[in-house]
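This report describes the arrangement of strands and helices in the chain shown below, followed by a few individual residues.

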Amino acid sequence: MGIKYRKADIRDLDELVRSRLMVLRAANGLEEGAELSEVESESDTYYRRALADGSHVAYLAYDGDVLIGTGGVSFFQVLPTCHNPSGQKAYIMNMYTEPGYRRRGIARRMVELLVAESVDRGVERISLEATKMGRPLYAACGFVPLPDEMELAEERIGRYGIAAARGPERDSPPDRR
C-alpha cells in the first residue's frame, strides 16, 4: 500500500494537535513526558480558528491508517512592499515524518503540496524555519537563507511593554496648523 496524502479539516483536530506536540518534542529535544499542556491548549484553539477561516492549511500523510507525516502552512498579511506588493505571505511549519519513514520523499511531497497551496492562493513570499536536519531538504526544494531578516532575542522582549511602546506622554495632540 502506498503513502496517501490528504488535506486536513476540523475532523482531524485531535491528530493535528497531537502531531504538533510531536514536532515540538522532536525539534526541541524534549522527552515524551515534557509538560506542554499550555501549548496543547493553544494549538487546539489555533487550529479551530485557522482551519475555519482558511489562514492555515495542513496535510497529513498516512501509511494505511497510520499517521506518518504532517506539514502545515499559515497565511498572513503584512504591509505591502516593492518586493511583495500584495503583502501576502505564507509560513511553512509543523513538518514532521516518523523516523522509520524518513528519506523516502514524504517530506519533499509535503513541501510540494504546501507550496502549491500557497501559489494557488497567489502568495509569492513563502518562508519557513528549518532545523539542521531539514535544511538540505528545503534547500533542494529551492529555499534559501534570508540575509535581511532579524528577530528580537527572547531575553530582550521583557524590556519592552505598553509604556515603552506608547512613548512620551502627551497632554494634547500635536499642533497641525
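Which residue is the bridge partner of Val-73 in β4? The partner of Val-73 is Ile-92. The model is a predicted one, and the sections below set this pair in its context.

## The sheet

Five strands make up an open sheet, in which the order is β1-β2-β3-β4-β5 and the pairing is mixed. At the edges stand β1 and β5, the latter formed by residues 125-128, and each of them pairs on one side only. Direction ignored, neighbouring strands are turned against each other by 20° on average. In general, strands of a sheet pair through backbone hydrogen bonds, either parallel or antiparallel.

The pairings can be taken in turn. β1 and strand β2 (residues 56-63) run antiparallel and are joined by five bridges; within this pairing, Ile-3 stands opposite Asp-63 of β2. β3 and β4 are also paired in the antiparallel sense, over eight bridges, and Val-73 with Ile-92 of β4 is a bridge pair. Between β4 and β5 the pairing is parallel and extends over four bridges. Here Tyr-91 stands opposite Ser-127 in β5.

## Helices on the sheet

Helix α1 packs on the sheet and touches β2, β3 (66-77) and β4 (88-97). The direction of α1 makes about 80° with that of β4.

Helix α3, residues 106-120, lies across β1, β2, β3, β4 and β5. The helix runs at about 30° to β3.

## Packing of α1 and α2

How far apart are the axes of helix α1 and helix α2, and at what angle do the two helices pack? The axes of α1 (residues 13-28) and α2 (residues 37-53) are 9 Å apart, and the packing angle is about 130°. The two helices are therefore oblique to each other. The crossing in which α1 passes α2 is right-handed.

On the α1 side, the contact is made by Leu-13, Leu-16, Val-17, Arg-20, Leu-21 and Leu-24. On the α2 side, Val-39, Glu-40, Ser-43, Asp-44, Tyr-47, Arg-48 and Leu-51 take part. By character, the residues of this contact divide into eight nonpolar, one polar and four charged.

## A buried aspartate

Is Asp-12, in the loop between β1 and α1, buried or exposed? Asp-12 has a relative accessible area of 7% and is buried, because that value is under 20%. The loop that holds Asp-12 connects β1 (3-7) with α1. Apart from its neighbours within four places in sequence, Asp-12 is in contact with Arg-6, Lys-7, Leu-60 and Tyr-62.

## Two residues with positive phi

Most residues other than glycine have a negative phi. Asn-94 has a positive phi, near 60°, and is a residue other than glycine. Asn-94 lies in strand β4. With a relative accessibility of 7%, Asn-94 counts as buried.

Arg-103 likewise has a positive phi, of about 65°, although it is not a glycine. Arg-103 is placed in the loop between β4 and α3. The relative accessible area of Arg-103 is 87%, so this residue is exposed. Thus a positive phi is found both in Asn-94, within strand β4, and in Arg-103, within a loop.

Key: Residues numbered from 1 in each chain as written. Predicted model: local features only at pLDDT ≥ 70, side-chain atom pairs only at ≥ 80, totals over all residues. Heavy atoms only, no water. Axes fitted to C-alpha atoms, helices over the stretch in contact; angles between N-to-C directions. Parallel < 35°, antiparallel > 145°, perpendicular 65-115°, else oblique. Left-handed = near helix turned anticlockwise from the far one by under 90°. Contact = heavy atoms within 4.5 Å. Nonpolar A, V, L, I, M, F, W, Y, C, P; charged D, E, K, R; others polar. Buried < 20%, exposed > 50% of the residue type's maximum accessible area, 1.4 Å probe, protein only. Pairing = 2+ DSSP bridges.
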